[in-house]
Amino acid sequence: MNECYYDKHMDFFYNKTNTDTVDEWTGPKLIVVLCFGTFFCLFIFISNSLVIAAVVKNKRFHFPFYYLLANLAAADFFAGIAYVFLMFNTGPVSKTLTVNRWFLRQGLLDTSLTASLVNLLVIAVERHMSIMRMKIHSNLTKKRVTFLIISIWAIAIFMGAVPTLGWNCLCDITACSSLAPIYSRSYLVFWSVLNLVVFFIMVVVYIRIYMYVQRKTNVLSSHTSGSISHRRTPVKLMKTVMTLLGAFVVCWTPGLVVLLLDGLNCTYCGIQNVKRWFLLLALLNSVMNPIIYSYKDDEMWGTMKRMICCSSEDKSQDRRSSRIPSTVLCRSTDTSGHYIEDGIIQGTICGKGDLGDKGNS
């Protein structure tokens with residue numbers, strides 16, 4: 001019967017698997033890494049919080065697609081938490097960790113990846129439901145969307161906890177991997193292959209949906225008299241989702257390939273030399289997503305901009321309250337013109353941020 005090592009610290013497993021924890025990462029190099037990591041994580045927290053707040057605040061976003069988009073932002077926010085925890089529990093500190101603390105460190109990363117992946121998969125289903133009916137949004141009720149979001153996080157937490165629940169090498173040291181010294185190589189193969197296969201399936205599905213939307217839109221455009229912007233909206237939403245998926249695949253695939261090579265026990269692949277760069281690439285995915293939301297969706301960018309500008313205007317009003325009457329209205333900082341809705345020209349007022357900036361939504 002194999003001996004189990006539940007009470008050992010991580011230095012025991014790192015030494016057994018000859019894993020490099022980069023003891024030279026001290027002094028200036030460590031400070032630089034922590035500074036860059038802190039900056040990226042702060043950006044992830046602030047930008048994804050703005051995305052979630054924009055969906056809550058703007059009634060135009062109260063549809064299944066945008067609820068799921070907000071949940072994807074929540075997954076990125078969670079990824080920021082995972083990276084912060086990783087920053088302070090990596091390098092030389094790794095060897096001092098207990099087994100449970102190391103499981104927590106890796107489990108947070110695995111949970112964030114699974115949450116993003118499953119969320120993109122659910123968005124694909126939602127887009128398919130709406131596009132097959134040539135509608136901008138699907139008919140999913142709020143209860144069903146809530147159930148889907150809860151299910152996404154339940155699956156993510158379970159997948160992140162699988163190694164902790166038993167699929168590890170604590171009782172079989174010979175099966176331990178190099179990059180994750182208490183993860184079984186068989187688990188790394190399963191985990192990486194599963195995600196890569198889902199990546200491939202999602203790319204194929206999204207391309208087919210996008211081609212269908214383009215074809216249908218071109219056909220309908222010659223037979224309908226609706227506004228051009230309304231006919232192009234499904235295409236714009238699909239472009240946003242495909243950009244998100246493309247960024248996700250590009251940022252996560254190299255790391256998953258490295259894990260697969262480690263699981264296959266490739267001792268000559270030099271995976272230790274590239275693992276940190278690929279982890280940084282995965283971090284950049286959570287940085288890129290909010291930028292994609294705002295760049296691809298004018299309404300999203302306008303809502304986020306108004307929230308920031310109105311917040312600064314409120315602070316400025318507080319400072320001038322002793323000199324200026326409290327009835328002064330905030331002036332719009334949008335230089336692109338006023339938004340016209342239902343025939344009423346709206347001059348943006350700081351307390352009515354739910355209306356959009358532009359009329360192309």
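**Close-up of Phe-85 in helix H3 of the predicted model**. Phe-85, which belongs to helix H3, has a relative accessible area of 19% and is therefore classed as buried, the cut-off being under 20%. Leaving out residues up to four places away in sequence, Phe-85 touches Arg-101, Leu-104, Arg-105 and Leu-108. For one of these partners, Arg-105, the separation along the sequence is 20 residues, while the C-alpha to C-alpha distance is 6.7 Å.

**Helix H3 and the annotated span that overlaps it**. Helix H3 comprises 24 residues, 64–87, and its first and last C-alpha atoms are 35 Å apart, close to the 34 Å expected at 1.5 Å a residue. Because 18 of its 24 residues are buried, H3 is largely enclosed by the rest of the structure. The unreviewed UniProt entry annotates residues 65–88 as one of its transmembrane regions, and over this span the chain is 96% helix and 0% strand, with 36 Å between the end C-alpha atoms.

**Phe-13 within the largest nonpolar core**. The largest nonpolar core contains 82 residues, and those with the most contacts inside it are Phe-13, Tyr-83, Trp-102 and Met-300. When neighbours within four places in sequence are set aside, Phe-13 is in contact with Tyr-5 and Lys-8, with Val-99, and with Leu-170, Ile-173, Pro-181 and Ile-182.

**Asn-265 in the loop between helices H7 and H8**. Asn-265 is found in the loop that joins helix H7, residues 228–263, to H8, and although it is not a glycine, its phi is positive, at about 60°. With a relative accessible area of 44%, Asn-265 is partly exposed. As for H7, residues 241–261 are listed as a transmembrane region in the unreviewed UniProt entry; this span is 100% helix and 0% strand, and its end C-alpha atoms lie 30 Å apart.

**Gln-272 and the kink in helix H8**. Gln-272 lies in helix H8, which runs over residues 271–296, and its relative accessible area of 18% places it among the buried residues. The C-alpha atom of Gln-272 is separated by 7.2 Å from that of Leu-179, although the two residues are 93 apart along the chain. Helix H8 has 26 residues and reaches 35 Å from its first C-alpha to its last, which is close to the 38 Å expected at 1.5 Å a residue. At Val-287, shortly before the proline Pro-290, H8 has a kink of about 30°. The UniProt annotation of transmembrane regions, from an unreviewed entry, also includes residues 277–295.

**The whole chain as context for the close-up views**. The chain has nine helices and two strands, and from the N terminus on its elements run α-α-α-α-α-α-α-α-α-β-β. Of its 361 residues, 45% count as buried, while the area exposed by the chain is about 18900 Å², of which carbon and sulfur atoms supply 65%. Among contacts between residues at least 6 apart in sequence, 75% join residues at least 24 apart.

How values were computed
Residues are numbered from 1 along each chain as its sequence is written. This is a predicted model: local features need pLDDT of at least 70, side-chain atom pairs count only at pLDDT 80 or more; totals for chains, interfaces and linings use all residues. Side-chain values use heavy atoms; hydrogens and water are left out. Helices (H or I, at least four residues) and strands (E, at least two) are DSSP runs, numbered from the N terminus. Buried means under 20% relative accessible area, exposed over 50%, partly exposed in between (1.4 Å probe, protein chains only). The expected span of a helix is 1.5 Å times one less than its number of residues. The bend at a residue is the angle between axes fitted to the seven residues ending there and the seven starting there. Contact means heavy atoms within 4.5 Å. Accessible areas come from the Shrake-Rupley method with a 1.4 Å probe; for residues, only the protein chains shown count as cover. UniProt positions are given in the numbering used here, feature names are shortened, and annotations may be inferred rather than shown by experiment. A nonpolar core is a set of buried Ala, Val, Leu, Ile, Met, Phe, Trp, Tyr and Cys residues joined through side-chain atoms within 4.5 Å.
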